[in-house]
Amino acid sequence: RNSERQMSIQEIFQYIDASPSSTALRESLYLFPVIEGTHVISLALSVGLIIWFDMRLVGWILTDQPVSAVFRPIRPFMLTGFGIAFITGGLLTWSLAMRCYGSSFFWAKMVMLLLAGINIATYHLTIDRRQEEWDTAPIPPFRARMAGAISLTMWFGIITVGRLMAYFI
């Protein structure tokens with residue numbers, strides 16, 4: 001039996017917030033703004049392309065193009081942008097840990113990111129596996145359209161609460 005005490009989520013955030021690296025990031029004259037700017041640019045790249053692809057899935061744009069032809073060339077840019085956004089978002093959270101912990105906008109963003117991730121995984125593990133059956137259809141099947149609509153909703157929410165975080169933490 002392990003007798004070590006478990007840390008609460010709040011204590012973890014307090015520990016991070018008090019760490020020298022968190023303080024250094026938070027108080028940096030140049031590094032914090034560079035990380036924040038890089039986060040915004042990487043979001044524009046990744047989420048902009050995700051929105052573009054989701055609009056194709058819903059059947060609103062590029063209906064004369066196969067879904068695979070829309071997705072294939074933008075995938076590496078989406079993934080790269082998302083990877084950079086994930087890293088820079090983590091650094092921003094690290095630098096403002098206790099402010100994030102106390103922000104309902106932060107927790108709403110985390111929940112929506114989780115839901116967006118579940119939606120993406122569900123799409124790629126189920127609907128997308130049968131893409132060859134509906135790839136060239138101007139309007140994809142209902143489940144594909146719903147995955148696109150859910151994704152659009154989640155990303156608009158994530159961006160909205162992310163911006164609100166910037167003003168209220």
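**Reasoning from values to terms in a predicted model**

Author: The structure holds 2 salt bridges. The model is predicted.

Reader: What makes the contact of Asp17 with Arg26 a salt bridge?

Author: The closest N and O atoms of Asp17 and Arg26 are 3.2 Å apart. A salt bridge requires a side-chain nitrogen of Lys or Arg within 4 Å of a carboxyl oxygen of Asp or Glu, and the pair is therefore counted. Arg26 is partly exposed, its relative accessible area being 24%. Arg26 is also touched by Arg99.

Reader: How do you know that Glu133 forms a salt bridge with Arg130?

Author: Here the closest N and O atoms are 2.9 Å apart. That value lies within 4 Å, so the pair qualifies. Glu133 and Arg130 are both exposed.

Reader: Why is Asp54 said to have no salt bridge?

Author: The nearest side chain of opposite charge, that of Arg56, is 11 Å away. The cut-off is 4 Å, and therefore no salt bridge is assigned to Asp54. Asp54 is nevertheless buried.

Reader: Where is Asp54 found, and with which residues is Asp54 in contact, leaving aside its neighbours within four places in sequence?

Author: Asp54 is found in helix 3, which covers residues 31-58. With those neighbours set aside, its contacts are Gly148, Ser151, Leu152 and Trp155.

Reader: What makes Trp155 count as buried?

Author: The relative accessible area of Trp155 is 3%. Buried means under 20%, so Trp155 falls in that class.

Reader: How many aromatic pairs does the structure hold, and why is the pair of Phe82 and Trp155 given its geometric name?

Author: There are 10 aromatic pairs in the structure. The ring centres of Phe82 and Trp155 are 6.3 Å apart, and their planes stand at 85 degrees. Centres within 6.5 Å make a pair and planes over 60 degrees apart make it edge-to-face, so both conditions are met.

Reader: Which parts does this pair of Phe82 and Trp155 tie together?

Author: Phe82 belongs to helix 4 (residues 67-95) and Trp155 to helix 8 (residues 142-168), so the pair joins parts 73 residues apart in sequence. Phe82 has 36% relative accessibility and counts as partly exposed, because partly exposed covers values between 20% and 50%. A further group of rings, Phe13, Tyr101, Phe106 and Trp107, is linked by ring pairs into a cluster.

Reader: Is Ser68 buried or exposed, and how do you know?

Author: Ser68 has a relative accessible area of 16%, which is under 20%, so Ser68 is buried. Its place is in helix 4. Not counting residues up to four places away in sequence, Ser68 touches Pro73, Gln131 and Asp135.

Reader: Why does Pro20 count as buried or exposed?

Author: Pro20 has 69% relative accessibility; exposed means over 50%, so Pro20 counts as exposed. Pro20 lies in helix 2, residues 20-27. From Pro20 to Ile84 the C-alpha distance is 23 Å, with 64 residues separating them in sequence.

Reader: What class does Arg99 have, and what makes it so?

Author: With a relative accessible area of 44%, Arg99 falls between the cut-offs of 20% and 50% and is therefore partly exposed. Arg99 lies in helix 5 (residues 97-101). Not counting residues up to four places away in sequence, Arg99 touches Arg26 and Ile169. The C-alpha atoms of Arg99 and Ala144 are separated by 38 Å, although the two residues are 45 apart along the chain.

Reader: What is the phi of Leu62, and where is Leu62 found?

Author: Phi of Leu62 is near 50 degrees, a positive value in a residue other than glycine. Most residues other than glycine have a negative phi. Leu62 is found in the loop between helix 3 and helix 4. Leu62 has a relative accessible area of 31%, between 20% and 50%, so Leu62 is partly exposed.

Reader: How many helices and strands are in the chain, and what pattern does the chain follow along the sequence?

Author: The chain has 8 helices and 0 strands. Read along the sequence, its pattern is α-α-α-α-α-α-α-α.

Reader: What percentage of the residues of the chain count as buried?

Author: Of the 169 residues, 36% count as buried. The chain exposes about 10400 Å², of which carbon and sulfur atoms supply 68%. Among contacts between residues at least 6 apart in sequence, 75% join residues at least 24 apart.

How values were computed:
Residues are numbered from 1 along each chain as its sequence is written. This is a predicted model: local features need pLDDT of at least 70, side-chain atom pairs count only at pLDDT 80 or more; totals for chains, interfaces and linings use all residues. Side-chain values use heavy atoms; hydrogens and water are left out. Helices (H or I, at least four residues) and strands (E, at least two) are DSSP runs, numbered from the N terminus. Buried means under 20% relative accessible area, exposed over 50%, partly exposed in between (1.4 Å probe, protein chains only). Lys and Arg count as positive and Asp and Glu as negative; His and the chain ends are not counted. Contact means heavy atoms within 4.5 Å. Accessible areas come from the Shrake-Rupley method with a 1.4 Å probe; for residues, only the protein chains shown count as cover. Rings of Phe, Tyr and Trp (its six-membered ring) pair if their centres lie within 6.5 Å; planes under 30 degrees apart count as stacked, over 60 as edge-to-face and the rest as tilted.
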